[in-house]
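User: I would like to go through this model at the bench, one question at a time, with the terms spelled out as they come up.

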Amino acid sequence: MPPLIDRPGADSGPTEISVGMWVVDISSIDSAQQTFTAEMAIVLRWKDPRLAHTGNGVVRYPLEQIWHPRVGIVNETNSVSRKMPDSVEVDPDGTVTSRQRYAGAFTQPLRLQSFPFDRQTFRVQLVAVRYQSNEVMFVPDQVWIQDGLKGAGGISPSVTLPDWTIEKWELKPLVYALAPRHQYSSYAFEFTASRNVEHYLLKVILPLVLIVIMSWAVFWIDPINASSQVSIAITSMLTLIAYRFAIDSQLPLLPYVTRLDAFILTSTLLVFFSLIEVVATVILDNTQKKKRAVRIDRYCRVIFPMIFAIASMAIFAHPRG
């Protein structure tokens, strides 16, 4: 059959493309690479009377032999593979059905200011290459809706995403602006997920709190034991630096400070100032001013915990904001 170049009904308005999108699985979200790995099934339907036939079943055509909307995924990476052959099925009335299953990584810019208490919106965006909104129009697939799939889409309840909780999803038509004068018809599946913070609370934040509290032990040690005070302060500082490297491996190089960055910076400053306090009290003790050194230690026993508590509440207030 010769290729059909023109879209069906080109003189009678835009060609409607019915879309059904189902997320089979979401296996991971990589904040450092700003990608998520998913597997998705996509069904497209449109009417092409030129392909109507008198048979009882469907007729299969290779995709390149008929007109199709040239749908691509805007944010797919090179790792995305297609699990099904590029072919379509045509019903006797000319209804064309295209089915494809995509698996791989998709790019997604993330806003990580609230990390690790963040909530992100992820998107898989289809675009009809070469066709604008007045030529091709995406609509929800009525067959899926009649079968009970609200909005002609959804997410499998058994996704293997371990460290995120999916809160909601939606499908919506968009306009993809490749350039100011090149805007194409588009359709997107979006889902919102919040990061599970238990890992960071138990393995990052809680140990940091204990390290900071450990550094306050210098306020209860007599200035005469200067070596013990300095050892505790320096050990706390080195431990915080090691934590900094561990956290950096989970995030991209960001031009802004996240909530966890602010908390680690506050902890580092408090540990550093406790080291400065140790040096000051040792100097006072060596100059026969032990009473003043002891008085400073007593003040710091109250001041440092207050500063830490106030700063922590300010950093983590409204964590999902």
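User: Which residues of α3 are buried?

Analyst: This is a predicted model, in which local features need pLDDT of at least 70 and side-chain atom pairs count only at pLDDT 80 or more, while totals for chains, interfaces and linings use all residues. Residues are numbered from 1 along each chain as its sequence is written, and side-chain values use heavy atoms, with hydrogens and water left out. Buried means under 20% relative accessible area, with exposed over 50% and partly exposed in between (1.4 Å probe, protein chains only), and helices (H or I, at least four residues) and strands (E, at least two) are DSSP runs numbered from the N terminus. The buried residues of α3 are Ala226, Gln229, Ala233, Ser236, Met237, Leu240, Tyr243 and Ile247.

User: Why would buried residues recur along a helix, and which elements do those of α3 pack against?

Analyst: An α-helix has 3.6 residues a turn, so residues three or four places apart point the same way. Taking contact as heavy atoms within 4.5 Å, the buried residues of α3 pack against α2 (198–215), α4 (259–286) and α5 (290–316).

User: What distance separates the end C-alpha atoms of helix α3?

Analyst: The expected span of a helix is 1.5 Å times one less than its number of residues. For the 23 residues of α3 (residues 226–248) that gives 33 Å, which agrees with the distance in the model, where the end C-alpha atoms are 34 Å apart.

User: Is Pro223 buried or exposed?

Analyst: Pro223 sits in the loop between α2 and α3, and, leaving aside neighbours within four places in sequence, is in contact with Gln229, Thr281, Val282, Asp285, Ala293 and Asp297. With a relative accessible area of 3%, Pro223 is buried.

User: What is the radius of gyration of the chain?

Analyst: The chain has five helices and 12 strands. The globule rule (2.2 Å times the number of residues to the power 0.38, with the radius taken over C-alpha atoms) gives 20 Å for 321 residues, and the chain is well over this, so it is more spread out than a compact globule. Along the principal axes the C-alpha atoms fill a box of roughly 105 × 40 × 30 Å, and the radius of gyration is 30 Å.

User: How far apart are the C-alpha atoms of Pro223 and Arg181?

Analyst: Pro223 and Arg181 are 42 residues apart along the chain. In space, the separation of their C-alpha atoms is 73 Å.
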